[in-house]
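Student: Could you take me through one part of this model in detail? I would like to look closely at the sheet, what packs against it and what opens beside it.

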Amino acid sequence: MDARTFLQRFQNIFEEKRSKAEETYYNNTVFTAFITEEINNILSEGKHEKQNEYFRIDAIRWSGRADHMTDTTGVRLKKHLWDLEIAVEHENDPLDWMDEIVKLSHIACPLRVVIGYMPWNKRNEDQRYLDHVSKWLKELLCKDNVQRGEFLIILGNCDTNGVKERYFGYKGYLFNSEHFRFEPLL
């Protein structure tokens with residue numbers, strides 16, 4: 001699954017299950033449980049496995065290859081051979097999603113996704129915030145990991161004062177490794 005497909009399926013949640021999403025939106029605990037379940041549904045499509053809190057990451061998708069292992073040495077260990085495919089972090093706190101980006105910058109897999117929130121009346125500042133994050137990503141020793149695979153940031157609205165028309169508003173930003181910045185995914 002690539003970033004564009006993940007973003008589309010994530011945005012579909014709010015069309016297909018809008019009433020449930022609206023009903024849980026203002027209770028972070030309940031909304032996080034709802035979102036995690038929906039992310040798990042996206043991740044478990046096909047013959048893939050999903051898991052929560054592995055590596056302390058909210059949700060991951062992996063595919064196993066242990067069936068291909070043959071033991072000719074007589075070593076008695078359980079068979080473990082798998083590939084990490086997608087890592088997803090969801091952060092409700094609008095001041096703390098940078099930590100999730102830094103965390104996933106240390107993870108090497110084909111798709112990393114951070115879902116964060118900005119106050120609805122500051123959404124015109126998304127790029128300024130993402131440029132700030134990109135600046136500090138350059139400082140990390142994991143620069144090679146940041147450039148490997150797709151890195152998607154999805155920002156939604158918060159502080160909507162209960163106005164349902166302001167809910168959600170998710171937009172995706174894909175990391176451009178050539179320019180070392182997150183850019184709108186249209």
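Tutor: Happy to, and here is a walk from the strands to the helices and then to the pockets. Keep in mind throughout that this is a predicted model.

Let's begin with the sheet. It is open, has 7 strands in the order S1-S2-S3-S4-S5-S6-S7, and its pairing is mixed. Strand S1 (49-52) and strand S7 (181-184) form the edges; each has a single partner strand, so one side of each has no neighbour in the sheet. On average, neighbouring strands of this sheet are turned by 25° against each other, direction ignored.

Now zoom in on the end of the sheet that holds S6. Strand S6 covers residues 171-176 and runs antiparallel to S7, with 4 bridges joining the two. On its other pairing, S6 meets S5, again in the antiparallel sense and over 4 bridges. Leu-174 is a handy residue to follow here: Leu-152 has Leu-174 as its bridge partner in S6, and Leu-174 in turn has Glu-183 as its bridge partner in S7. Tyr-173 also reaches S7, where its bridge partner is Pro-184. Between S6 and S7 lie 4 residues, and the two strands form a hairpin. Phe-180, in the turn, has a positive phi of about 50°. As for burial, 5 of the 6 residues of S6 are buried, so this strand is largely enclosed by the rest of the structure.

Next come the helices. Helix H5 (residues 126-137) lies across S4, S5, S6 and S7, and runs at about 155° to S7. Helix H4 is also part of this picture, and one of its residues is Val-102. Val-102 counts as partly exposed because its relative accessibility is 24%. If you want a sense of distance, take Val-102 and Thr-24: they are 78 residues apart in sequence, and their C-alpha atoms are 28 Å apart in space.

Both H4 and H5 turn up again at the largest pocket, which has a volume of about 200 Å³. Its lining draws at least two residues from each of H4, S4 and H5, and H5 gives the most, with 3 residues. Among the lining residues are Trp-97, Met-98, Met-118, Pro-119, Tyr-129, His-132 and Val-133. Asp-96 and Lys-122 belong to this lining too. Sorted by class, the lining of the largest pocket holds 8 nonpolar, 1 polar and 2 charged residues.

The second largest pocket has a volume of about 160 Å³. Helix H3 (28-43) and S5 are the elements that give two or more residues to its lining. Asn-28, Phe-31, Asn-157 and Cys-158 are among the residues that line the second largest pocket, as are Tyr-25, Tyr-26 and Tyr-117. This lining divides into 6 nonpolar, 4 polar and 1 charged. One residue to pick out on your screen is Pro-94, which appears in the lining of the largest pocket and also in that of the second largest pocket.

To bring the parts together, S5 links the two themes: S5 pairs with S6 in the sheet, and S5 also gives residues to the lining of the second largest pocket. H5 does something similar, lying across S4, S5, S6 and S7 while contributing 3 residues to the lining of the largest pocket.

Methods. Residues are numbered from 1 along each chain as its sequence is written. This is a predicted model: local features need pLDDT of at least 70, side-chain atom pairs count only at pLDDT 80 or more; totals for chains, interfaces and linings use all residues. Side-chain values use heavy atoms; hydrogens and water are left out. Two strands pair if DSSP finds at least two bridges between them. Axes are lines fitted to C-alpha atoms, for helices over the stretch in contact, and angles run from 0 to 180 degrees between N-to-C directions. Contact means heavy atoms within 4.5 Å. On a 1 Å grid over the protein atoms alone, a cavity is a set of points where a 1.4 Å probe fits but cannot get out, and a pocket is an open set with protein on both sides within 12 Å along at least five of seven lines; lining residues have an atom within 4 Å of a point. Grid points are joined across faces, edges and corners, and a volume is the space filled by probe spheres set on the points. Ala, Val, Leu, Ile, Met, Phe, Trp, Tyr, Cys and Pro count as nonpolar, Asp, Glu, Lys and Arg as charged, and the others, Gly among them, as polar. Buried means under 20% relative accessible area, exposed over 50%, partly exposed in between (1.4 Å probe, protein chains only).
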